[in-house]
Amino acid sequence: MSPLREPTVVGVPNFNASEDAATLRAAMKGLGTDEEAIIAILTTRSNAQRQAISQAFTHEYGRDIIEDLKSELGGHFEDVIVALMMPPAEYLCRELHHCMEGLGTEEEVLVEILCTRTKPEIADIVDTYERLYNRPLAEHMCSETSGDFRRLLTLIVTGARDEEAGVDPARAAEAAQQLYDAGEAKWGTDEEIFNKILAHESFAQLRLIFEEYKNLSGRTIEQAIKAEIDGELKDALSAIVECVENAAAWFAQRLRTAMQGAGTEDKTLVRIITSRAEIDLAAIKREYERLYDKTLESDISGETSGDYKRALVALLGPA
């Protein structure tokens with residue numbers, strides 16, 4: 001995972017939570033709603049600033065700003081604004097819970113959220129999930145997934161990744177050999193070795209392991225995973241590999257897939273744009289244009305409309 005942060009939303013200087021709360025209250029009071037004012041404020045404030053606005057709103061007016069926004073807005077525009085108003089870990093926990101509730105499980109959402117985050121981010125999600133739903137995330141996940149895919153996610157969620165050990169070339173060469181022996185060098189595949197290494201090693205160490213693997217095998221680790229492993233486990237391991245090498249490109253591909261074909265996967269669009277805006281959305285935009293020769297803004301504008309489109313485009317920042 002690149003340590004470089006390239007956000008499109010950084011908050012505003014001279015921030016005044018009470019003034020913003022008053023502007024938002026005025027935008028929602030009486031007949032009609034001033035959607036432009038809501039977009040202008042909430043897409044330019046950092047999440048920390050939005051939390052301060054929320055507190056000021058309750059303090060000044062005795063009201064819950066999210067409830068007020070929900071009663072005034074609708075559709076996917078409401079989804080964007082509510083996502084922005086929630087603390088990041090709470091929002092991601094809500095998305096995880098939603099993807100596991102009811103019939104079937106959206107495995108790709110589990111992969112997108114859990115395989116792409118750092119150890120501290122995962123720890124925050126795990127704590128928040130139990131607080132919100134009174135149930136450990138690992139337990140809920142284990143009841144909804146199975147096999148090697150479940151084992152990999154469980155390792156990630158239980159904080160197996162070692163981000164303190166530093167980078168060790170000798171250990172990287174050893175791990176690359178283990179991966180080679182567990183996959184290409186034998187009949188059948190030992191998925192447990194892949195799980196153990198890809199869930200335990202830090203992103204920096206994995207980067208080294210993948211370089212060593214290529215030197216050893218002549219193939220990239222991605223090619224090996226695609227040839228040796230299938231199903232959800234393949235998607236999860238591939239996501240880890242791609243995020244180690246270029247997280248922004250991985251998210252750009254996710255966005256592209258969400259907008260291709262019949263219909264748009266709006267939940268994916270909303271989740272990635274809102275949750276990456278303060279992390280690396282500027283890099284995702286750049287990778288999108290490099291990969292598809294089109295700007296992310298032009299594709300989003302073609303797939304969405306109205307205030308929903310205006311809110312997403314505002315989060316993308318200047319072209």
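## Helix packing, charge pairs and cysteines in a predicted model

Helices α14 and α15 run roughly antiparallel to each other, because the angle between them is about 175° and angles over 145 degrees are placed in that class. The model discussed here is a predicted one, and the values that follow are computed from its atoms.

In sequence terms, α14 covers residues 221-228 and α15 covers residues 231-259, and the axes of the two helices lie 10 Å apart. On the α14 side the contact is made by Ile221, Glu222, Ile225 and Lys226, which meet Lys234, Leu237, Ser238, Val241, Glu242 and Glu245 of α15. By character, the residues of this contact comprise four nonpolar, one polar and five charged.

Charged side chains also pair elsewhere in the model, which holds 20 salt bridges in total. Side chains of opposite charge can pair when their charged atoms come close. Three of these pairs are listed below, each with the N to O separation and the relative accessible area of both partners.

| Salt bridge | N to O separation | Basic partner | Acidic partner |
|---|---|---|---|
| Arginine 50 and glutamate 278 | 4.0 Å | arginine 50, 3%, buried | glutamate 278, 25%, partly exposed |
| Arginine 63 and aspartate 68 | 2.7 Å | arginine 63, 35%, partly exposed | aspartate 68, 10%, buried |
| Arginine 276 and aspartate 280 | 3.0 Å | arginine 276, 3%, buried | aspartate 280, 7%, buried |

The pair of arginine 50 and glutamate 278 deserves a comment on its place in the fold. Arginine 50 belongs to helix α3 (residues 47-61), whereas glutamate 278 sits in the loop between α16 (266-276) and α17 (281-292), so this salt bridge ties together parts that are 228 residues apart in sequence. Arginine 50 counts as buried because its relative accessible area is 3%, while glutamate 278, at 25%, is partly exposed.

For arginine 63 and aspartate 68, whose closest N and O atoms are 2.7 Å apart, the arginine is the partly exposed partner at 35% and the aspartate is the buried one at 10%. In the salt bridge between arginine 276 and aspartate 280, arginine 276 is buried at 3% relative accessibility, and aspartate 280 is buried as well, with a relative accessible area of 7%.

Beyond these pairs, a network of salt bridges links Arg94, Glu95, Glu112, Arg254, Lys267 and Arg271.

Turning to the cysteines, the structure contains zero disulfides. Cysteine 93 is accordingly in no disulfide, and the nearest cysteine sulfur to it, belonging to cysteine 99, is 11 Å away; a disulfide would require the two sulfur atoms to be within 2.5 Å. With a relative accessibility of 0%, cysteine 93 counts as buried. Cysteine 115 is likewise in no disulfide, the nearest cysteine sulfur being that of cysteine 243 at 8.4 Å, and cysteine 115 is also classed as buried, because its relative accessibility is 0%.

A last residue to place is aspartate 124, which is found in helix α8 (residues 119-133). At 42% relative accessibility aspartate 124 counts as partly exposed, and its C-alpha atom is separated by 9.2 Å from that of glutamate 90, a residue 34 positions away along the chain.

Methods: Residues numbered from 1 in each chain as written. Predicted model: local features only at pLDDT ≥ 70, side-chain atom pairs only at ≥ 80, totals over all residues. Heavy atoms only, no water. Axes fitted to C-alpha atoms, helices over the stretch in contact; angles between N-to-C directions. Helix = DSSP H or I, 4+ residues; strand = E, 2+ residues; numbered from the N terminus. Parallel < 35°, antiparallel > 145°, perpendicular 65-115°, else oblique. Contact = heavy atoms within 4.5 Å. Nonpolar A, V, L, I, M, F, W, Y, C, P; charged D, E, K, R; others polar. Buried < 20%, exposed > 50% of the residue type's maximum accessible area, 1.4 Å probe, protein only.
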